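Me: Hi! Could you walk me through this protein?
Reply: Happy to, let's look at it together.

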Amino acid sequence: MQLSNAEASPHGCLLKLKSRRSIKTRLSLLKLVELGAIIRINMYQGSCLCGKVQYKLLSEPQRVSSCHCTMCQKQHGAAFATYGNLPKADLVYVDGADLLASYNSSAKIERKFCKACGSSLEWCGSVEYPDWTSITLSTLDTPFNPETITQIFTETKACWLETNYQPADPY
Ligand SMILES: [Zn+2]
Ligand SMILES: [Zn+2]
């Protein structure tokens, strides 16, 4: 009886320690998950040129592509436009949503921009992906470096895009 008590005691002690440690571990894991969620929520922030439109992304942009179509060239006044996709619900305008204007470049496609400064912010309305939107990557203020960028509509790539770049003259 005594022996079994002696055996039970350290074992119980160990169990206690073990369970104490696992509660602690569980607590810190919860804290980490919570912290991760907070960091993730605030991970991606963006804005337009004048700064009046501010947004945040609740998830990482996916399937990033650079579009060389003539409509993107005209709208952006640039050789191409780079977009990342995310669920519509994950794009939250935190300021200046009233300044958003949109242009339908085709029946369903909406190109949203800041009417104060003209920054292009969003491309949406795809029939195939109605719950998704595309954010213009260049308006992100948080660094985001996607693993790959798909080049699309390269058949209308600007003819000057591959021109040899010269370093600028020193001032
Ligand atoms: Zn603006
Ligand atoms: Zn395009």
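Here is our chat about confidence, the core and one sheet.

Me: What is the average pLDDT of the protein?
Reply: This is a predicted model, where local features need pLDDT of at least 70, side-chain atom pairs count only at pLDDT 80 or more, and totals for chains, interfaces and linings use all residues. Residues are numbered from 1 along each chain as its sequence is written, while chains are lettered from A and ligands numbered from 1 in the order in which they are written. The average pLDDT (the predictor's confidence in each residue, from 0 to 100) is 84, and 75% of the residues score at least 70.

Me: And where does pLDDT stay under 50?
Reply: Over residues 1–21, and the model gives that stretch 0 contacts (C-beta atoms, placed from the backbone, within 7 Å) beyond four places in sequence. Where pLDDT is low, the coordinates should not be read in detail.

Me: New topic: which residues does I135 touch?
Reply: Beyond its neighbours within four places in sequence, I135 has contacts that include L57, Y83, L86 and L121.

Me: How about a sheet, which strands are in the open one?
Reply: Three strands (DSSP E runs of at least two residues, numbered from the N terminus) line up as β1-β2-β5, with antiparallel pairing (at least two DSSP bridges between two strands). Its edge strands, β1 (44–47) and β5 (91–95), each pair on one side only.

Me: How many bridges join β1 and β2?
Reply: There are 4, in the antiparallel sense. In that pairing, G46 sits opposite Y55 of β2.

Conventions: Two residues are in contact if their C-beta atoms, placed from the backbone, lie within 7 Å.
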